[in-house]
Amino acid sequence: MKKETICIQSGWKPKNGEARVLPIYQSTTFKYESSEQMGRLFDLEESGYFYTRLQNPTNDFVAQKICELEGGVAAMLTSSGQAANHYAVFNICEAGDHVVMSSTVYGGSFNLITCTMKKMGIECTVVDPDAPAQELEKAFRDNTKCVFAETIANPALVVLDIEKFAKLAHTHQVPLIVDNTFATPINCNPFMWGADIVTHSTTKYMDGHAMAVGGCIVDSGNFDWAAYPEKFPGLCTPDESYHGIVYTEKFGKAAYITKATSQLMRDLGSIQSPQNAFLLNVGLETLPLRMERHCYNAQKCAEFLQSHEKVAWVNYPGLPGNKYYELAKKYMPNGTCGVISFGLKGGREAAAKMMDRLEMAAIVTHVADARTSVLHPASHTHRQMNDEQLKEAGVAPDLIRLSVGIEHIDDIIADLSQSLA
Ligand SMILES: *Cc1c(COP(=O)(O)O)cnc(C)c1O
């Protein structure tokens with residue numbers, strides 16, 4: 001099926017007489033006739049639901065849909081994008097291990113991996129995603145267990161050369177984990193270019209209505225963990241917390257997601273509520289339509305801003321001459337995302353003034369939903385950073401992040417135009 005059809009028809013497939021629309025299994029627990037059968041579930045000898053912290057049918061139907069959209073073999077929902085990225089890395093890294101990460105990833109992921117996971121004993125080397133392969137090689141160590149990057153960085157809008165990163169990761173016998181939040185599976189499938197694991201903050205375009213925080217992890221099934229048992233003991237040696245099962249032996253291509261569910265979700269518990277999964281599913285149904293409109297509107301806004309006399313610079317990968325124009329054409333031929341960044345000739349001060357004068361577009365922290373919104377990272381999300389640190393993160397002090405919604409383009413441009421005036 002094409003993606004438009006998957007978005008509507010995949011996941012929940014009702015049998016005769018069942019609800020047409022995905023039901024919310026608003027239940028913490030599931031009933032069994034025999035004690036023995038329940039025991040087999042706890043031993044992972046049989047698959048079935050027993051407690052929503054581990055698995056819930058509503059969540060699984062939605063995860064299945066995202067899995068198909070990405071072309072993966074297994075997927076799981078998490079309570080947030082942060083939880084998805086944490087689990088995706090922590091599932092294969094433990095104290096003493098090392099991660100190679102792109103410098104331009106989302107601020108939340110940057111803090112998670114360089115600060116919080118450091119406290120868990122996991123080291124990280126931050127690399128410039130545009131550096132040549134020979135330069136990036138130097139970041140790898142014997143204890144490196146994965147490479148982490150974003151398809152289109154939030155908010156720097158750096159487009160990742162996925163093939164370059166996949167090749168590097170595989171040369172060093174580790175998987176490439178790509179956060180595909182901004183592109184969504186509609187505009188890019190990182191697995192096609194060699195990525196092994198994909199994560200999402202479903203809070204953004206997938207939900208699309210700013211209703212529910214959520215995340216997702218999808219496994220391509222392509223990385224051969226069993227070929228490197230010393231590197232990935234968690235997947236390739238007996239798990240004492242499950243009577244010594246070996247995930248790669250017992251679950252084959254589903255080993256990675258099964259371990260993340262039965263071990264990390266069991267012990268850390270960042271589940272998505274079935275209610276939120278239901279809302280996410282509603283969002284997914286219209287994702288292809290919305291992405292098309294987001295990209296169309298963003299392109300028009302970028303062109304409008306670029307030709308405006310008060311605008312100093314515009315960053316949008318869809319603009320010819322943009323540093324990432326060619327990479328975007330290769331990896332996202334149908335469009336990138338609805339987020340643009342730009343700066344005014346009046347700098348930081350003018351940015352705040354212009355934002356205050358917008359009448360329709362709202363100042364919010366959120367990005368990537370149906371409503372046009374703006375944010376000034378230097379005074380909001382990145383407030384704790386000085387100008388030097390902002391530059392390293394790819395965030396100019398005068399940068400305005402514009403998340404272009406799906407309203408009529410004429411109204412969005414009219415609002416930008418009057419506030420600039
Ligand atoms: C928002 C975001 C996250 C974090 O997701 P939450 O759902 O807010 O926890 C991770 N990665 C990217 C690229 C994001 O935009």
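This briefing covers the nonpolar cores and the aromatic contacts of the structure above. The model is predicted, so local features need pLDDT of at least 70 and side-chain atom pairs count only at pLDDT 80 or more, whereas totals for chains, interfaces and linings use all residues. Residues are numbered from 1 along each chain as its sequence is written, and side-chain values use heavy atoms, with hydrogens and water left out.

**Nonpolar cores**

- The largest nonpolar core (buried Ala, Val, Leu, Ile, Met, Phe, Trp, Tyr and Cys residues joined through side-chain atoms within 4.5 Å) has 96 residues, and those with the most contacts inside it are Ile66, Val89, Leu176, Ile217 and Trp225.
- Helix H11 (residues 255-268) contributes the largest share of this core, six residues, where helices are DSSP runs of H or I with at least four residues and strands are E runs with at least two, numbered from the N terminus.
- A second, separate core of 26 residues includes Ala302, Leu344, Val374 and Ile409.

**Aromatic pairs**

- Nine aromatic pairs are found in a search of the whole structure, a pair being rings of Phe, Tyr and Trp (its six-membered ring) with centres within 6.5 Å, counted as stacked with planes under 30 degrees apart, edge-to-face over 60 and tilted for the rest.
- Tryptophan 193 and tyrosine 331 have ring centres 4.8 Å apart and planes at 85°, so the pair is edge-to-face.
- This pair links distant parts of the chain, 138 residues apart.
- Tryptophan 225 and phenylalanine 232 form an edge-to-face pair, 5.0 Å centre to centre with 85° between the planes, and both are buried (under 20% relative accessible area, with exposed over 50% and partly exposed in between, for a 1.4 Å probe and protein chains only).
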